[in-house]
Amino acid sequence: MLERVPNAEEMTALVGRPLFDVWIALCAAIDEKYDMDRLWNSGGRAWTYEYKYRRGGRTLCALYAREKAIGLMVIFGKEEQAAFEAEREQYSQRVQAVYDRAKTYRDGKWVMFEPTDLSMVDDFVRLLALKRKPNKKIEFPVGRQNACHTGQREDRQMLRDVETTLGEFIDRQGVSFIASVSKDGFPHMKAMLPPRKRVGIREFYFTTNTSSMRVAQYRKTSKASIYFCDSRLFQGVMLVGRMEVLEDPASKEMIWREGDTLYYPEGVTDPDYCVLKFVATRGRYYTDFRSQSFEIA
């Protein structure tokens with residue numbers, strides 16, 4: 001396993017923005033159907049990174065990344081090969097061609113797809129179902145729910161690990177949205193890069209300019225919200241809480257990265273560089289055409 005997992009910025013720099021969007025969409029499509037262990041490894045001689053989906057000692061698939069390319073490896077056993085042949089006409093010509101060119105070894109047929117767009121994502125999900133039926137239940141985070149129109153609370157549906165599920169969802173998104181309150185009381189929204197640091201789903205740290213309008217608004221009122229969404233799958237999570245402006249050296253050093261002088265020329269001590277610390281108290285999660293409110297301890 002990798003000691004340090006690449007973040008969204010590093011993956012974007014490696015494969016490029018369009019392919020990282022494909023990577024995100026593919027991960028989201030798999031995560032929507034499967035509850036699996038996810039393992040980051042070195043990609044060996046041919047790739048930079050390997051991201052493997054595995055459960056109970058069996059691998060579902062593995063994603064790969066290198067400069068300007070991504071891959072999806074699926075290994076088909078004899079039964080899975082027979083299942084594919086029985087329904088091959090349901091798949092696109094591109095998928096069939098890659099499958100037919102793949103080599104077969106003692107442990108199965110090793111098929112490596114190298115997608116360049118989203119056109120094969122649905123086919124990929126169908127192919128994975130040949131290996132293993134989807135095992136993920138659609139559930140909502142633990143927390144207090146809004147009363148329905150009758151005034152009674154709906155039964156709470158439990159999500160096995162709220163922090164992990166929503167945290168991984170947030171980590172896959174390449175854009176964050178943060179909201180503040182203007183001096184005349186209206187909400188202002190801004191798109192930001194992903195948070196530099198996340199502690200569960202309660203604390204998030206962003207970089208910004210001390211001279212920005214957003215900082216001035218947060219200093220006047222700390223009420224804030226942040227939002228992350230996957231537009232392809234119509235999923236999103238909103239977190240509500242307070243935003244604090246930090247200018248102490250320790251906080252600035254904590255999330256400083258090489259290359260930040262592009263934005264803050266004087267380095268980590270640049271007076272126009274500060275940290276936004278968001279602390280969430282509650283949230284709302286939307287998926288599968290339903291939404292759910294929850295509290296954060």
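A salt bridge here is a side-chain nitrogen of Lys or Arg within 4 Å of a carboxyl oxygen of Asp or Glu. The model is predicted, so local features need pLDDT of at least 70 and side-chain atom pairs count only at pLDDT 80 or more, while totals for chains, interfaces and linings use all residues. Residues are numbered from 1 along each chain as its sequence is written, and side-chain values use heavy atoms, with hydrogens and water left out.

**Exercise 1.** Find which parts of the chain the salt bridge between Glu 80 and Lys 131 links.

*Solution.*
- Start with the contact: the two side chains, Glu 80 and Lys 131, meet at 3.7 Å, N to O.
- Next, place each partner. Helices (H or I, at least four residues) and strands (E, at least two) are DSSP runs, numbered from the N terminus.
- Glu 80 belongs to helix 3 (residues 78–86) and Lys 131 to helix 5 (residues 121–131), so to speak distant parts of the chain, 51 residues apart.
- Last, check the surroundings. Buried means under 20% relative accessible area, exposed over 50%, and partly exposed in between (1.4 Å probe, protein chains only).
- Both Glu 80 and Lys 131 turn out to be buried.

**Exercise 2.** Work out whether Glu 85 and Arg 88 are buried or partly exposed.

*Solution.*
- These two form a salt bridge, with the closest N and O atoms 3.0 Å apart.
- Glu 85 has a relative accessible area of 41%, so Glu 85 is partly exposed.
- Arg 88 comes in at 15%, so Arg 88 is buried.

**Exercise 3.** Trace the network of salt bridges that includes Arg 196.

*Solution.*
- Take one pair: Arg 196 bridges to Asp 260, and their closest N and O atoms are 2.9 Å apart.
- Arg 196 sits in the loop between strand 8 (187–192) and strand 9 (197–199), and Asp 260 in the loop between helix 8 (249–255) and strand 13, so the pair ties together parts 64 residues apart in sequence.
- Arg 196 is buried at 14%, and Asp 260 is buried at 2%.
- Now add Glu 9 and Arg 257, and you have the network.
- For the overall tally, the structure holds 19 salt bridges.

**Exercise 4.** Describe what the charged end of Arg 66 sits over.

*Solution.*
- The test: NZ of Lys or CZ of Arg must be within 6 Å of the ring centre and within 35 degrees of the ring normal.
- Arg 66 has its charged end over the ring of Trp 47, 3.9 Å from the centre.
- Lys 197 does likewise over the ring of Tyr 205, at 5.6 Å.
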